[in-house]
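Got the viewer open? Let's take a walk through this structure, one selection at a time.

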Amino acid sequence: QIVYLKPPWTLANLLKCYKKHWMAVFGYVVPRSLLSTIESLYKHLCTDKPIDSPTVCLMLQESKKLFQAFSSRSDYNGVLPRAYAEVDKLYQMLTEVRGASVFEDIMVLSENAEKMEATTLSLQGCEEEKLDPSFHAAQENRHQEIWSVLEGVWNTINLYSIQIFQKLDPSTVTMTAKSSFEEAYLGLQKLLAAVNDIHEGISR
């Protein structure tokens, strides 16, 4: 009898009607919290914003949630189950495609990781070289080099952190601890410079 926008409706008009009459009508039929679903659908489907595949998956899930909620009232002469089945089919197709793509990415990353690990094993014991920026330019394979450098940084941070916290423990402070603490501190300063060089290199 009274509606915000008269039919025939576009999807945008329909979602606007849902929002306009949510508290007075639809909120008594389905959980009122589903208003966020309506707003999300409108935001992504009825504006000019670009939409990517993860967002499409989310919108299909939100649509299924809405259909399930309204199905507790009626099947609307069979229209609702058919619509739900079509949306679910789209969702399954998209997740399968995305799953295959992710699996391919994982396989590529796994192969790269194995190559990096092999290079890292051959470079153990060369921590000082790894922290030297000139070492970077000498490497032919950039991703293997970065892997090695970051592992060197990690190991050095662990080593110096252990030394520093041991020296900061009052129960273990001795007269001979000073030089070791200073060495660790100076080492961390060099490490900071090396990390900055790595960061700049990755940014470039």
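## First stop: a serine and its helix

Select S63 and M59 to begin: a polar atom of the S63 side chain sits 2.9 Å from the backbone oxygen of M59. This is a predicted model, so keep that in mind as you go. S63 belongs to helix α3. Is S63 buried or exposed? With a relative accessible area of 16%, S63 falls under the 20% cut-off, so S63 counts as buried. Now show what S63 touches: apart from neighbours within four places in sequence, S63 is in contact with L41 and V87.

## Over to α2

Hop to H44, which is in helix α2. Here you can look for another link from a side chain to a backbone oxygen: a polar atom of the H44 side chain lies 3.0 Å from the backbone oxygen of S40. H44 is buried too, at 18% relative accessibility. Setting aside residues up to four places away in sequence, H44 touches I51, T55 and M59. You have already met M59, whose backbone oxygen lies 2.9 Å from a polar side-chain atom of S63.

Next, select T37, I38, S40, L41, Y42 and H44 together; these are the buried residues of α2. What covers them? Turn on α1 and α3, which are among the elements covering the buried residues of α2.

## Into the largest pocket

Time for the pocket. How much space lies in the largest pocket? About 680 Å³. To find its middle, select L14, Y18, F26, L66 and F70, the closest to the centre among the 22 residues of the lining.

Colour the helices and you can see who contributes: α1 (11-20), α2 (35-45), α3 (53-71) and α4 (79-122) each bring at least two residues to the lining. Which helix gives the largest share? That would be α1, with five residues. Colour the lining by class instead, and you get 19 nonpolar residues, two polar ones and one charged one.

## Some unusual backbone

Now switch to the backbone. Most residues other than glycine have a negative phi, and most peptide bonds are trans. The next three picks go against that.

- Select P7 and P8: the peptide bond from P7 to P8 is cis, with omega near 0°. P8 sits in the segment before α1.
- Select Y76, in the loop between α3 and α4. Its phi is positive, near 50°. Y76 is partly exposed, at 32% relative accessibility.
- Select N77, also found in the loop between α3 and α4. Phi of N77 is positive as well, near 55°. At 76% relative accessibility, N77 counts as exposed.

## Zoom out

Finally, show the whole protein chain as a cartoon. How many helices and strands are there? Eight helices and zero strands. Follow the sequence and the pattern reads α-α-α-α-α-α-α-α.

Switch to a surface view. The protein chain exposes about 14,300 Å², and carbon and sulfur atoms supply 60% of that area. Of the 204 residues, 25% count as buried, S63 and H44 among them.

One last thing to try is drawing contacts across the chain. Take those with a separation of 6 or more: residues 24 or more positions apart account for 47% of them.

Key:
Residues numbered from 1 in each chain as written. Predicted model: local features only at pLDDT ≥ 70, side-chain atom pairs only at ≥ 80, totals over all residues. Heavy atoms only, no water. 1 Å grid on protein atoms, 1.4 Å probe; cavity = no way out; pocket = protein on both sides within 12 Å on 5 of 7 lines; lining within 4 Å. Points joined across faces, edges and corners; volume = space filled by probe spheres on them. Helix = DSSP H or I, 4+ residues; strand = E, 2+ residues; numbered from the N terminus. Nonpolar A, V, L, I, M, F, W, Y, C, P; charged D, E, K, R; others polar. Buried < 20%, exposed > 50% of the residue type's maximum accessible area, 1.4 Å probe, protein only. Contact = heavy atoms within 4.5 Å. Areas by Shrake-Rupley, 256 points an atom, 1.4 Å probe, with all protein chains shown as cover. Polar contact = N/O pair within 3.5 Å; in protein donor to acceptor, adjacent residues only side chain to side chain.
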